[in-house]
Amino acid sequence: MHPAIQAVLTVGVAVIVSIGYFYLSNVFLDRVLFPARGPNAGRNINRANLIRPWLFLFPAFAALGLYLAYPVVETIRLSLTDRVAGGAYVWAGTDNYAQMLGDPKFWEALRNNFFWLLIVPAASTAFGLIIAQLTDRLAWGNIAKSLIFMPMAISFVGASVIFKLVYDYRPAGEEQIGILNAVYLALGGDAPQAWLTIPWVNSLLLMVVLIWIQTGFAMVILSAALRGIPEETIEAAIVDGANPWQIFFKIKVPQIMPTIMVVWTTITIVVLKIFDIVFAMTNGQWGTQVLANYMYDKLFRANDWGVGSASAMVIMLLVLPILVWNVRTARKEMR
Amino acid sequence: MDNIAGRKPALGWAVNISVVLLVALWLFPTIGLLVSSFRTADQIAATGWWKAFFPVEQTEQLRTADPGEVRAQEGDLFVVEGNIFGDGPATTISAWGVSSRDVAAYAPGETADMGDGESFTLNEDGSYRWTGTDDQISGRGQRVFVGVEQAPEFTLANYEYMLVSGGNANISKAFFNTLTVTIPATIIPILFAAFAAYALAWMDFPGRALLIAFVVALLVVPLQLALIPLLKLHLALGIGKGYLGVWLAHTGFGLPLAIYLLRNYMAGLPRDIIENARVDGATDFQIFTRIILPLSFPALASFAIFQFLWTWNDLLVALVFLVDSSGQTTVMTRHIVELLGTFGGNWEVLATAAFVSMAVPLAVFFLMQRYLVRGLLAGSVK
């Protein structure tokens with residue numbers, strides 16, 4: 001059977017099963033378990049309504065628990081154990097963490113991730129804000145925004161191929177087909193460079209790929225925020241003689257600061273998990289390693305689940321402050 | 001706002017020009033790859049893609065006819081005449097030479113003196129005249145280096161190669177595998193999430209706020225943490241590596257965003273409608289299927305687009321839960337990474353593969369951008 005047919009069948013089965021579950025479980029609750037008739041009708045209706053939310057919640061939260069919450073706990077356990085022959089696990093205490101901290105590649109990954117965190121969210125948000133402001137009153141602004149937003153639909157792997165061509169290197173004397181080297185030579189560079197093998201420069205060039213993708217996201221959100229600014233505040237500033245720069249930096253930016261923070265943290269989370277770009281372009285060679293790729297290396301190439309899980313915990317630890325902040329703002333809003 | 005005081009026309013121009021530059025900067029890399037996917041391997045290697053729209057100068061090595069059959073005697077000398085392109089298509093010659101040390105030594109129409117009375121003349125249209133002594137005009141034909149201008153040329157051969165022929169590089173199988181992963185992985189989470197979102201938005205029960213906080217927290221949990229524990233689980237349950245595993249994994253990873261997006265949207269629906277329905281005796285199940293679901297269509301569409309783009313473009317989850325050593329279940333992202341290794345410098349293969357994989361998401365993006373933007377705006381925690 002062709003897998004695509006299998007997929008369509010699965011969708012059909014999933015739709016029937018889930019609708020069947022919700023319908024039948026509600027019927028069971030109302031007709032069999034707590035029927036709304038007989039001497040206890042009133043009490044039964046109340047009881048049924050107490051249980052009903054959990055019928056609605058059960059499948060989703062069971063999946064969430066199994067696929068996201070349980071793995072967090074299990075990863076903590078794995079990071080504290082070692083696998084031994086025969087599939088058993090022995091308690092290893094903090095050995096895995098010690099081993100990881102002694103690995104220069106880990107420190108390289110951590111250092112690179114730190115620079116990614118410093119540069120990518122800042123650059124994407126800044127570009128997004130500038131483009132959102134510039135296109136705000138433009139007749140063809142929507143077309144421009146749509147084109148800059150487009151990389152959002154392109155996979156990290158596709159983007160890696162796109163930028164590998166940009167960074168392509170041919171030995172000196174040959175025709176350069178990578179536009180970066182062509183521009184570099186046209187601007188008076190002495191010889192073509194193999195950009196992706198030059199430490200520091202290569203990390204920056206990988207960051208460019210993510211900035212290219214994430215700027216569109218920042219732009220869309222910030223552009224909506226700019227439109228939401230009350231006109232009176234801007235009109236008042238104009239009446240008071242503010243110039244366009246002052247209006248932008250002193251009136252608009254402070255008013256959309258909460259949105260800027262949201263964009264910043266969202267991109268920060270993407271950066272913390274960045275894997276595909278490094279995996280496809282350099283695979284962590286030439287000093288470009290990042291945490292997620294380091295983890296993948298340990299888990300699936302070195303088959304070291306202990307150290308791999310320990311490095312996954314490092315990523316989790318870095319995400320934690322944002323997680324707490326998100327939960328707190330969400331709860332504040334709910335009130 | 002266009003005519004407000006203090007707005008100078010010069011500034012308007014500056015804004016227009018800088019936006020044009022930014023858009024160009026953003027489009028340039030993609031266009032480069034797109035153009036390359038329509039060029040032959042030789043063209044890509046010969047010139048940068050930005051020169052693809054201009055004629056290319058190429059040097060070809062050609063040979064005259066062998067003297068043995070065609071040489072004619074003129075007095076003391078022997079002569080070979082003909083056209084250097086033979087039966088092939090004629091092009092315009094811009095320069096030529098008879099030695100590999102200087103392949104563009106002569107202009108068309110000039111005569112090369114090859115020493116000892118041997119000479120060679122080549123015209124613009126490729127006709128030549130080669131004269132010399134009995135000894136010189138013998139054996140194999142004279143080697144000539146010809147600089148020709150090739151008109152810009154684009155081809156669909158790369159797509160034919162990647163989709164139809166192409167052997168190991170062929171991407172059509174990976175395309176269908178990706179599609180197979182994507183369809184259930186997009187639809188199943190919606191089914192689960194819609195019911196849960198309704199309960200979180202419109203049903204009152206103890207612990208509701210806590211569950212919402214739980215969902216918000218899971219929104220940012222890196223799925224990297226889930227890889228090994230879930231792979232272990234799948235192996236223990238006998239699911240192993242395969243489509244079922246990757247569908248389940250994508251469902252789990254997509255649920256937090258689905259629940260969050262749908263709950264926010266449903267909570268914003270007018271209260272009157274739902275309460276009126278309750279008063280009229282509708283059950284929760286009826287309210288959900290008859291009222292909430294149809295009204296939530298925009299939010300459902302937003303999430304579906306997100307999840308579709310994310311599962312289509314995903315590499316990591318597929319690598320861990322699906323792709324095995326048999327190579328039967330490879331997805332496009334994985335296939336392209338492999339091509340990057342084996343066809344590292346063959347840009348015609350890489351560019352075409354990348355565009356095959358990007359075509360569907362780009363189409364979805366441009367057709368459904370409205371929903372995507374709406375989803376983004378609702379999905380970011382404010």
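## Domains 1 and 3 of chain B

In this predicted model, the C-alpha centres of domain 1 and domain 3 of chain B are 32 Å apart. The domain assignment places domain 1 of chain B at 9–53 + 156–160, domain 2 at 56–150 and domain 3 at 166–379. Domain 1 of chain B is therefore written as two segments, 9–53 and 156–160, under the automatic or database assignment.

Domain 1 of chain B puts 10 residues in contact with 8 residues of domain 3 of chain B. Together these two domains bury about 770 Å², and 85% of that area is on carbon and sulfur atoms. The salt-bridge rule finds 0 salt bridges across this interface. The count of residue pairs in polar contact, both at pLDDT 80 or more, is also 0. Which elements of domain 1 of chain B each supply at least two residues to the side that touches domain 3 of chain B? They are α1, α2 (41–46) and α4 (157–163) of chain B. The most comes from α1(B), with 4 residues. By class, this side of domain 1 of chain B has 5 nonpolar, 4 polar and 1 charged residue.

## The interface between the chains

How many residues does each chain bring to the contact between chain B and chain A? Chain B brings 111 residues and chain A brings 105 residues. The two chains bury about 10000 Å² between them. Carbon and sulfur atoms carry 81% of that buried area.

The rule finds 1 salt bridge across the interface of chain B and chain A. K232(B) pairs with E74(A) in a salt bridge, with the closest N and O atoms 2.5 Å apart. That distance satisfies the salt-bridge rule because the cut-off is 4 Å. The interface also holds 9 residue pairs in polar contact, both residues at pLDDT 80 or more. On the side of chain B that touches chain A, helix α1 (residues 9–36) of chain B gives the most, with 16 residues. That side of chain B divides into 87 nonpolar, 17 polar and 7 charged residues.

## Domains of chain A

Chain A is assigned domain 1 (3–78) and domain 2 (98–334). The C-alpha centres of these two domains of chain A lie 40 Å apart.

## Two buried residues of chain A

N26(A) sits in helix α1 (residues 3–33) of chain A. Is N26(A) buried or exposed? N26(A) has 4% relative accessibility, so it counts as buried. The side chain of N26(A) reaches the backbone oxygen of F22(A) at 2.7 Å. Leaving aside neighbours within four places in sequence, N26(A) is in contact with R52(A), L55(A) and F56(A) in chain A, and with F285(B) in chain B.

S146(A) belongs to helix α5 (residues 141–149) of chain A. S146(A) counts as buried because its relative accessibility is 12%, and the cut-off for buried is under 20%. What does S146(A) touch, residues up to four places away in sequence not counted? Its contacts are F365(B), F366(B) and Q369(B).

## E149 of chain B

E149(B) is placed in strand β8 (residues 143–150) of chain B. Its relative accessibility is 46%, so E149(B) counts as partly exposed. The C-alpha atoms of E149(B) and A209(B) are separated by 72 Å. These two residues are 60 residues apart along the chain.

## Two tryptophans with positive phi

W200(A) has a positive phi of about 70°, although it is not a glycine. W200(A) lies in the loop between α7 (179–186) and α8 (201–227) of chain A.

W286(A) is not a glycine either, and has a positive phi of about 55°. Where does W286(A) lie? W286(A) is in the loop between α12 (276–281) and α13 (291–301) of chain A. W286(A) counts as partly exposed because its relative accessibility is 38%.

Terms used. Residues are numbered from 1 along each chain as its sequence is written. Chains are lettered from A and ligands numbered from 1 in the order in which they are written. Side-chain values use heavy atoms; hydrogens and water are left out. Contact means heavy atoms within 4.5 Å. Buried area is the accessible area (1.4 Å probe) that two parts lose on being put together, summed over both. A salt bridge is a side-chain nitrogen of Lys or Arg within 4 Å of a carboxyl oxygen of Asp or Glu. A polar contact is a pair of N or O atoms within 3.5 Å; within protein, one must be able to donate a hydrogen and the other to accept it, and residues adjacent in sequence count only if both atoms are side-chain atoms. Ala, Val, Leu, Ile, Met, Phe, Trp, Tyr, Cys and Pro count as nonpolar, Asp, Glu, Lys and Arg as charged, and the others, Gly among them, as polar. Buried means under 20% relative accessible area, exposed over 50%, partly exposed in between (1.4 Å probe, protein chains only).
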